[in-house]
Amino acid sequence: MQKRRLSGRRPLLLAVGAGVTVAALAAGMTSAFAATVFSDDFTDGDTSGWSKSGGTWTVDGSGVLNQSNAGSELARQFAGQTSWTNYSVQARVRPTSFGSSSALVGLAARSASSTKMYRLALLGSGRAELQAVNGSSVTAIGSAALGVGTGTWYTLRIETSGSTIRGFVNGTQIASGSNSLAGAGRIGLVTAYASGGFDDVVVDSSGGGTPTTPPPTTTPPPTTPPPTTTPPPAGWPTPTGSQKVDATIPVSGSFDGGLKRYYGIGDGGQSESQDPMFELAAGATLRNVIIGAPAGDGVHCEGNCTLINVWWEDVGEDAATFRGGTTYTVDGGGARSASDKVFQHNGSGTVYIKNFRVENAGKLYRACGNCSTSYQRHVVIDNVTVRNTDAIAGINTNWGDTARFSRITIVGDPDRETSICVKYKGVPKGSEPTEIGEGADGVNCLYSPSDITYQ
């Protein structure tokens, strides 16, 4: 059984018959979860839908699944179906103790049995390793020295497509290879002689889609993804019509605005707690929309979401706020007249911004520096045109945030005053974060001079 956690709603259960692949299931789905076939954030306080094998597992008051028996040789929680083939599984993982350098906390895919699987492991040695596990035989597909430590959240992702297996840590590919050990199987959360926490598990049917970057060494090097076929937008679209909005528009599934202008919420300023124009449920897609003024707090994503060809003519409080998911994608469109920031990242996980343009703004992206929960957050910005903007991204390096840039074009800045990546020290809610530096460093701010073009 697949279990999804929907904010404010009872868990939704879907049964999948034997022999039905994830891709086939997704092809027949028309709900808001057309790509997501399983998710669990443990906010209901239990492990319904999971099967335990070893270890001591409990869900704490903050909605985190913990395995606390660091002496367990192999502790596992499995979910999904053994018939699943091509899919991606992602989870946030936090090691809390390692009994040795070979101890591990990690994520599993294609678990054909309790001892046969692909595993992305965070090791006590500080490395991350993608492994093919068959009983006591463990084959390393690839690894990277990341300085893995206890008490820090890491976003792990395994992508399976045919015999190709890829592993990602915090949005960066650390290993990829061909292996025929397991063609199908369940997902799993695993520890070995270690303890750790797990949260925000998501399985989708894409079998890929995360930007592919070279494996990092001790610190991830700047990377440039291969060019996409979508050029950055050359100009601002002309609305096909206008519609005044008096209350937030909820979106489940896909909403296509046909490039109509929507306006009418809020005061057009920076006052806090304005209502959003659109509120996207987990898994929702908003496309071909022009958001006029006033627009309140723009778009709220309550979970994983996709914004395609969305335009903000005059950003009010924020253009979009990413709140409850782990993966958010902005593809195409643009935003202008944002006195503060365009995209606000309050939740966990990674924001992908590509084929976008921003004009007359404070920042294109800001990882929240004083939210009630201090997540590790990541942003990948590719193929973006920037004009009259103070900074492209602001992140909190003390929480392990990263910002990766490629194919950035900055227009009309002969003195190069636009900051690419601004670093802050994140603080508890109620305090104000402090700026501590800026620029590429190979650890948190990831880009090279060739990634930035000035026109």
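**Strands, rings and selected residues in a predicted model**

Good morning. I begin with one residue, N383, which is buried because its relative accessible area is 9%; buried means under 20% relative accessible area, exposed means over 50%, and partly exposed lies in between, with a 1.4 Å probe and protein chains only. N383 belongs to strand β28, residues 377-396. Its side chain makes a polar contact of 2.6 Å with the side chain of N355. A polar contact here is a pair of N or O atoms within 3.5 Å; within protein, one must be able to donate a hydrogen and the other to accept it, and residues adjacent in sequence count only if both atoms are side-chain atoms.

The model is a predicted one, in which local features need pLDDT of at least 70 and side-chain atom pairs count only at pLDDT 80 or more, while totals for chains, interfaces and linings use all residues. Residues are numbered from 1 along each chain as its sequence is written, and side-chain values use heavy atoms, with hydrogens and water left out.

Let me turn to the chain as a whole. What does its secondary structure come to? The chain has one helix and 33 strands. Helices (H or I, at least four residues) and strands (E, at least two) are DSSP runs, numbered from the N terminus. Of the 455 residues, 55% count as buried. Among contacts between residues at least 6 apart in sequence, 61% join residues at least 24 apart, where contact means heavy atoms within 4.5 Å.

Next, a sheet. Seven strands form an open sheet with antiparallel pairing, in the order β4-β7-β16-β9-β10-β11-β12. Its edge strands, β4 (51-53) and β12 (137-145), each pair on one side only. From one strand to the next, the twist averages 20 degrees; axes are lines fitted to C-alpha atoms, for helices over the stretch in contact, and angles run from 0 to 180 degrees between N-to-C directions. Two strands pair if DSSP finds at least two bridges between them.

Within this sheet, I would draw your attention to β7, residues 75-79, which pairs with β4 in the antiparallel sense over three bridges. S51 has F78 as its bridge partner in β7, and S53 has R76. With strand β16, residues 186-192, β7 shares five bridges, again antiparallel; Q77 has L189 as its bridge partner there. Five of the five residues of β7 are buried. In a regular strand, side chains alternate between the two faces of the sheet. In β7, A75, Q77 and A79 point one way and R76 and F78 the other way, and all are buried.

I come now to the aromatic rings. A pair of such rings is described by the distance of the centres and the angle of the planes. Rings of Phe, Tyr and Trp (its six-membered ring) pair if their centres lie within 6.5 Å; planes under 30 degrees apart count as stacked, over 60 as edge-to-face and the rest as tilted. How many aromatic pairs are there by this rule? The count is 14 aromatic pairs. One of them joins F42 and W50, a tilted pair with 5.9 Å from centre to centre and 35 degrees between the planes. F42 counts as buried because its relative accessibility is 0%, and W50 is buried with a relative accessible area of 10%. Elsewhere, ring pairs link W312, F322, Y328, F343 and F356 into a cluster.

Charges also sit over rings. The criterion is that NZ of Lys or CZ of Arg is within 6 Å of the ring centre and within 35 degrees of the ring normal. R92 lies over the face of W153, 4.2 Å from the ring centre, and the charged end of R366 sits over the ring of Y424, 3.9 Å from its centre.

My next residue is E302, in the loop between β23 (299-301) and β24 (305-312). Is E302 buried or partly exposed? E302 counts as partly exposed because its relative accessibility is 29%. Apart from neighbours within four places in sequence, E302 is in contact with E279, L280, R323, G324 and G325. The side chains of E302 and R323 are joined by a polar contact of 2.9 Å.

I close with the backbone. The peptide bond from A293 to P294 is cis, with omega near -5 degrees, and P294 lies in the loop between β22 (284-291) and β23. N309, in strand β24, has a positive phi near 55 degrees. Thank you.
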